[in-house]
Amino acid sequence: MKHFTSVHDIGDLQTALQKARYVKENPFADQELGKNKTLMLIFFNSSLRTRLSTQKAGLNLGMNVIVLDINQGAWKLETERGVIMDGDKPEHILEAIPVMGAYCDIIGVRSFAQFENKEDDYNEVILNQFIQYSGKPVFSMEAATRHPLQSFADLITIEEYKKTARPKVVLTWAPHPRALPQAVPNSFAEWMNATDYEFVITHPEGYELDEKFVGNAIVEYDKEKAYRDADFIYAKNWAAYRDPNYGKILSTDRSWTVDAHKMTLTNNAYFMHCLPVRRNMIVTDDVIESPQSIVIPEAANRVVSAQAVLKEILAS
Ligand code: AN0
Ligand code: CP
């Protein structure tokens with residue numbers, strides 16, 4: 001594996017899951033693999049889980065780890081080519097990226113959708129510049145359109161908890177006061193579509209995701225119908241994708257909050273969310289605190305997905 005930006009880079013899913021299980025059971029088996037290798041993690045946006053779990057994954061592999069928050073202590077970066085740089089940005093990303101590449105062996109990048117220009121977001125302009133100009137293997141720590149380390153951890157978690165070979169997995173939109181990217185739902189859909197699970201997406205009208213990610217999923221606007229017999233309820237907010245509402249909040253309808261009533265419609269489903277989660281907007285206190293909530297093991301598996309991916313990159 002050279003770069004890791006989506007499910008398409010992971011190869012056969014069953015093989016990847018097997019390797020992830022090995023990593024989970026033998027976290028320190030590959031300490032030699034990363035010896036004297038430097039992992040660099042670049043954050044353009046905030047993070048708790050990705051920051052900590054990816055560092056831990058690198059340390060488990062014997063790597064040295066450097067973390068940089070671009071917005072806290074680095075120079076403000078210009079990202080457009082051709083701009084006369086007489087404003088507040090002292091450095092261009094076209095110098096910054098190869099310089100960062102010179103100091104490490106693998107680069108992870110977090111760069112969310114900015115909701116300023118849909119084309120730029122969906123062309124992954126920032127992530128692709130890292131791939132093009134760093135000279136090093138690059139992996140996504142949530143880019144504009146996908147969050148593959150999260151989705152891989154989600155898949156590992158579902159495999160651990162599922163009670164039937166082909167569980168019914170439901171991705172439900174839920175309300176949130178801020179406009180959030182589509183990266184998590186896009187990516188989750190892409191990974192679920194790569195399995196043979198029954199996969200349903202439910203959201204209010206207007207929140208349709210890019211068809212490229214929806215793929216063969218069933219889109220059910222009636223949320224109660226969607227919840228029926230579900231084995232996993234995966235909640236996430238996202239802002240509208242479709243024009244002319246790209247990046248806009250169209251609804252804050254709290255009838256979409258995951259609550260105990262809707263959970264009774266399911267097949268005693270497990271509750272999942274990538275976190276951070278706003279309680280009583282996305283999910284009620286009682287559901288997230290219930291025995292069916294697996295958000296903590298899900299977050300713990302972020303070390304496993306990151307370590308499995310870093311190991312593949314180091315080995316190739
Ligand atoms: C981010 C998002 O929705 O993409 C990160 C999730 C892992 N969430 C927030 O900004 C709250
Ligand atoms: N789930 C996730 O990626 O969390 P952070 O934004 O805290 O990294």
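Which side-chain atom of Glu142 lies 2.6 Å from an oxygen atom of ligand 1, a polar or a nonpolar one? In the predicted model described here, a polar side-chain atom of Glu142 occupies that position. The model is a prediction in which local features need pLDDT of at least 70 and side-chain atom pairs count only at pLDDT 80 or more, while totals for chains, interfaces and linings use all residues. Residues are numbered from 1 along each chain as its sequence is written, chains are lettered from A and ligands numbered from 1 in the order of writing, and side-chain values use heavy atoms, with hydrogens and water left out.

The surroundings of ligand 1 consist of Phe112, Glu142, His147, Leu180, Pro181, Lys236, Cys274, Leu275 and Pro276, a residue being counted if one of its heavy atoms lies within 4 Å of the molecule. By class, this shell holds six nonpolar, one polar and two charged residues; Ala, Val, Leu, Ile, Met, Phe, Trp, Tyr, Cys and Pro count as nonpolar, Asp, Glu, Lys and Arg as charged, and the others, Gly among them, as polar. In addition to Glu142, Lys236 approaches the ligand, with an N or O atom of its side chain 2.7 Å from an oxygen atom of ligand 1. Of the 330 Å² of accessible area that ligand 1 has on its own, the protein covers 82% (Shrake-Rupley method, 1.4 Å probe).

Ligand 2 is surrounded by Ser47, Leu48, Arg49, Thr50, Arg110, His147, Gln150, Cys274, Leu275 and Arg302. Three nonpolar, four polar and three charged residues make up this shell. Oxygen atoms of ligand 2 lie 2.7 Å from a side-chain N or O atom of Ser47, 2.8 Å from a polar side-chain atom of Arg49 and 2.6 Å from a polar side-chain atom of Thr50. The protein buries 94% of the 260 Å² that ligand 2 exposes when taken alone.

Ligand 1 sits in the largest pocket, and ligand 2 likewise sits in the largest pocket. A pocket is an open set of points on a 1 Å grid over the protein atoms alone, where a 1.4 Å probe fits, with protein on both sides within 12 Å along at least five of seven lines; a molecule sits in it if more than half of its atoms lie within 2 Å of its grid points.

An open sheet of five strands follows the order S9-S8-S7-S10-S11 with parallel pairing. Strands S9 (218-219) and S11 (270-272) stand at the edges with a single partner strand each, so one side of each is left without a neighbour in the sheet. Strands are DSSP runs (E, at least two residues), as are helices (H or I, at least four), numbered from the N terminus, and two strands pair if DSSP finds at least two bridges between them. Strand S10 (residues 232-236) runs parallel to S11 and is joined to S11 by three bridges. In this pair, Phe232 stands opposite Tyr270 of S11.

Several backbone features lie in loops. Most residues other than glycine have a negative phi, and most peptide bonds are trans. Asp229, in the loop between helix H9 (223-227) and S10, has a positive phi near 65°. The peptide bond from Asp243 to Pro244 is cis, with omega near 5°, and Pro244 belongs to the loop between S10 and helix H10 (260-264). A cis peptide bond also joins Leu275 and Pro276, with omega about 5°; Pro276 is found in the loop between S11 and helix H11 (285-288).

Technical notes: A polar contact is a pair of N or O atoms within 3.5 Å; within protein, one must be able to donate a hydrogen and the other to accept it, and residues adjacent in sequence count only if both atoms are side-chain atoms. On a 1 Å grid over the protein atoms alone, a cavity is a set of points where a 1.4 Å probe fits but cannot get out, and a pocket is an open set with protein on both sides within 12 Å along at least five of seven lines; lining residues have an atom within 4 Å of a point.
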